[in-house]
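Me: I have a structure open on my screen and would like to learn how to read it. Could you take me through some of its features, one by one?

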Amino acid sequence: MIGGEKSGQKSERAYGVGGSVRSILKIYNEVYGENKDNREMESDKIRKLLSLYETRKSYMVDRMIKAAPERLHTLIPGLVILCTAAGHFKIKKISVSKFGVREGYLIRHVLNRTD
């Protein structure tokens, strides 16, 4: 879901890949009034989303249903994992890929493209 550390070095930026992080991004964009094309999240604001879920559950559940109804049961665990990883690696910003691992596999192995 998230990668940012390489060779023991810590990074202030991580890259999120996968459906959970993309769904969290949709909620993030709606709650914070970001453009729907925004692909970047600030870690502090992600933690506030989790706090918002704890204090205004019905508000957040409405946003979750609107953003990703098929992921309703995995969004909160994904949000907790994202917050934990961001805190552990001291990540300040997360850039979210438009595509997932499957698309990368298909491009590389099925279409034989490496660019």
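Reply: Happy to; we will go from the overall layout to single residues.

Me: Before anything else, what is the mean pLDDT of the chain?

Reply: This is a predicted model, and the mean pLDDT of its chain is 86, with 85% of the residues at 70 or more. Among the elements, strand 3 (residues 40–42) has the highest mean, 97, and strand 1 (residues 2–3) the lowest, 48. Over residues 1–5 the pLDDT is below 50, although this stretch has 20 contacts in the model beyond near neighbours in sequence. Where pLDDT is low, the predicted coordinates should not be read in detail.

Me: How many helices and strands are there, and in which pattern do they follow along the sequence?

Reply: The chain has five helices and four strands. Read along the sequence, the pattern is β-β-α-β-α-α-α-β-α. Another thing to look at is how far apart in sequence the contacting residues are. Of the contacts between residues at least 6 apart, 64% join residues at least 24 apart. As for burial, 34% of the 115 residues are buried.

Me: How do the strands pair, in the parallel or the antiparallel sense?

Reply: Take the pairs in turn. Strand 2 runs parallel to strand 4, with four bridges between them, while strand 3 and strand 4 pair in the antiparallel sense over three bridges. A good residue to click on is S95, in strand 4. Y15 stands opposite S95, and S95 is also the bridge partner of E40.

Me: Is S95 buried or exposed, and which residues does S95 touch?

Reply: A residue counts as buried when its relative accessible area is under 20%. S95 has 15%, so it is buried. Leaving out residues up to four places away in sequence, S95 touches R13, A14, Y15, G16, R39 and E40. One of these, A14, is found in strand 2 and is buried, with a relative accessible area of 0%. A14 also illustrates how the fold brings distant parts of the sequence together: A14 and V96 are 82 residues apart in sequence, and their C-alpha atoms are 8.5 Å apart in space.

Me: Now to the helices. What span should helix 1 have, and how far apart are its end C-alpha atoms?

Reply: The idea is to count 1.5 Å a residue and compare. For the 13 residues of helix 1 that gives 18 Å, and the end C-alpha atoms are 18 Å apart, which agrees. Helix 4, with 14 residues, reaches 20 Å from first C-alpha to last, close to the expected 20 Å.

Me: Why is helix 1 described as largely enclosed by the rest of the structure?

Reply: Ten of its 13 residues are buried, so the rest of the structure largely encloses helix 1. Among the buried ones are V21, S23, I24, L25 and I27. The buried residues of helix 1 pack against strand 2, strand 3, helix 2, helix 3, helix 4 and strand 4. Consider S23, in helix 1: its relative accessible area is 3%, so S23 is buried. Apart from neighbours within four places in sequence, S23 is in contact with A68, R71 and L75. L75 is itself among the buried residues of helix 4, which also include I76, G78 and L79.

Me: Which residues have a positive phi just after these helices?

Reply: Most residues other than glycine have a negative phi. Just after helix 1, G33 takes a positive phi of about 70 degrees. K90, which follows helix 4, has a positive phi of about 55 degrees although it is not a glycine. K90 lies in the loop between helix 4 (75–88) and strand 4 (93–96). With a relative accessible area of 57%, K90 is exposed.

Me: One last feature: the aromatic rings. Which charged ends sit over a ring?

Reply: Look for a lysine or arginine end placed over the ring. The charged end of K45 sits over the ring of Y32, 5.2 Å from its centre. The charged end of R56 sits over the ring of Y59, with 4.3 Å to the ring centre. As for rings pairing with one another, a search of the whole structure finds one aromatic pair.

Notes:
Residues are numbered from 1 along each chain as its sequence is written. This is a predicted model: local features need pLDDT of at least 70, side-chain atom pairs count only at pLDDT 80 or more; totals for chains, interfaces and linings use all residues. Side-chain values use heavy atoms; hydrogens and water are left out. pLDDT is the predictor's confidence in each residue, from 0 to 100. Helices (H or I, at least four residues) and strands (E, at least two) are DSSP runs, numbered from the N terminus. Contact means heavy atoms within 4.5 Å. Buried means under 20% relative accessible area, exposed over 50%, partly exposed in between (1.4 Å probe, protein chains only). The expected span of a helix is 1.5 Å times one less than its number of residues. Two strands pair if DSSP finds at least two bridges between them. Rings of Phe, Tyr and Trp (its six-membered ring) pair if their centres lie within 6.5 Å; planes under 30 degrees apart count as stacked, over 60 as edge-to-face and the rest as tilted. A charge sits over a ring if NZ of Lys or CZ of Arg is within 6 Å of the ring centre and within 35 degrees of the ring normal.
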